[in-house]
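Please look through the structure shown here before reading on. The report then takes up the strands, the charged pairs and the surface, one topic at a time.

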Amino acid sequence: ERNKIIGLVGLRGSGKSTALKEIVCCRDRLVVIDPLGEHRFGHVADLDEGLDVLGLVADRECFAITIQPGRGDLESAVDVIFETCFEIGDLWLAIEEVPHFATASWMPEGLDMLARMGRHRGVSVVYTAQRFAELPRRLTATTDVFVLFAQREPSDLQALAGRVGRDVAERVERLPLHGRIVYDALAGCCVAEKSHS
């Protein structure tokens, strides 16, 4: 099966983390980067312990680890995790709140490498963000599927329209807080819409 990049984007409290859990809950090989400590998939560790555990389980058919990087140099910490996941290969990587360590015009080299070449290593990525305009363009350009929750900020809607089209952006603007639209970027169309929880 081809690797996937899935983006979950929407307002705080709209259901992104719940959707992320639904997507990754049954994956055999899973790494979660969770700066805010919202998840408890498998072993939970700080950066150093997490990297040690990853080294120990890399050859196993099944593992799940949640790494909660410290509050120090978050960009460098997550970059090491990205590079390690790329080296290990054949896994799912879930990333909470990409804008904590990236901007619309910059992201860590390891994430850039995963976005461009993760398919060669079988690394699938699922990520969350509150605001579409804050996401790195390279990441959104390589995203296969967007799960879009409500967006209200004009700059977010404009950035969204530039990626998925004005019609879809207008539908996203009208969504209630817990509604969602699934947009298949490869097919260029919406494949599902849920207007209520």
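## Strands side by side

In this predicted model, strands β2 and β4 run parallel to each other and are joined by 5 bridges. Within this pairing, V31 stands opposite I65 of β4. Strand β4, which covers residues 63-67, also pairs with strand β3 (residues 43-45), again in the parallel sense, and here the pairing extends over 3 bridges. A45 has I67 as its bridge partner in β4.

How much of strand β4 is covered? Of its 5 residues, 4 are buried, so that the strand is mostly covered. When you follow such a strand by eye, it helps to remember that the side chains of a regular strand alternate between the two faces of the sheet.

## A hairpin

The pairing of strand β8 (residues 180-184) with strand β9 (residues 189-194) is antiparallel, and 5 bridges hold the two together. One of the facing positions is R180, which stands opposite K194 in β9. The two strands make a hairpin with 4 residues between them, and in the turn G188 has a positive phi of about 75 degrees.

## Salt bridges between distant parts of the chain

How many salt bridges does a search of the whole structure find? The search finds 7 of them. One is formed by the side chains of D90 and R29, with a distance of 3.9 Å from N to O. Because D90 lies in the loop between α3 (74-88) and β5 (91-95), while R29 belongs to strand β2, this pair ties together parts that are 61 residues apart in sequence. The two partners can also be described by their accessibility: D90 counts as exposed, because its relative accessibility is 52%, which is over 50%, whereas R29, at 10%, counts as buried, because this value is under 20%.

Another salt bridge joins D156 to R131, and the closest N and O atoms of this pair are 2.8 Å apart. D156 is in helix α6 (residues 154-164) and R131 is in the loop between β6 (123-129) and α5 (137-141), so the pair ties together parts that are 25 residues apart in sequence. D156 is buried, with a relative accessible area of 2%, while R131, with a relative accessibility of 28%, counts as partly exposed.

## A salt bridge within one helix, and a network

Where do R116 and D112 lie? Both residues are in helix α4 (residues 109-121), and they are 4 residues apart, which is about one turn of the helix. These two residues form a salt bridge in which the closest N and O atoms are 2.8 Å apart. R116 is partly exposed, with a relative accessible area of 32%, but D112 counts as buried at 17% relative accessibility, because buried means under 20%. Salt bridges that share partners join D112, R116 and R138 into one network.

## Two residues with a positive phi

Most residues other than glycine have a negative phi. D90, which has already appeared as a salt-bridge partner of R29, has a phi near 50 degrees, and this is a positive value in a residue other than glycine. The place of D90 is the loop between α3 and β5.

E97 likewise is a residue other than glycine with a positive value, its phi being near 55 degrees. Is E97 buried or exposed? With a relative accessible area of 10%, E97 is buried, and it is found in the loop between β5 and α4.

## A charged patch and a contact across the chain

D46, D48, E49 and D52 form a negative patch on the surface. Among them, E49 lies in helix α2, which covers residues 47-57, and E49 counts as partly exposed at 35% relative accessibility.

R27 is in the loop between α1 (16-24) and β2 (29-33), and R27 is partly exposed, with a relative accessible area of 33%. Although R27 and C62 are 35 residues apart along the chain, their C-alpha atoms are separated by 8.3 Å.

How values were computed:
Residues are numbered from 1 along each chain as its sequence is written. This is a predicted model: local features need pLDDT of at least 70, side-chain atom pairs count only at pLDDT 80 or more; totals for chains, interfaces and linings use all residues. Side-chain values use heavy atoms; hydrogens and water are left out. Patches are made of residues with over 30% relative accessible area and no salt bridge: like charges are joined within 9 Å, nonpolar side chains (Val, Leu, Ile, Met, Phe, Trp, Tyr) within 5 Å. Accessible areas come from the Shrake-Rupley method with a 1.4 Å probe; for residues, only the protein chains shown count as cover. A salt bridge is a side-chain nitrogen of Lys or Arg within 4 Å of a carboxyl oxygen of Asp or Glu. Lys and Arg count as positive and Asp and Glu as negative; His and the chain ends are not counted. The place of a charge is taken as NZ of Lys, CZ of Arg, CG of Asp or CD of Glu. Buried means under 20% relative accessible area, exposed over 50%, partly exposed in between (1.4 Å probe, protein chains only). Two strands pair if DSSP finds at least two bridges between them.
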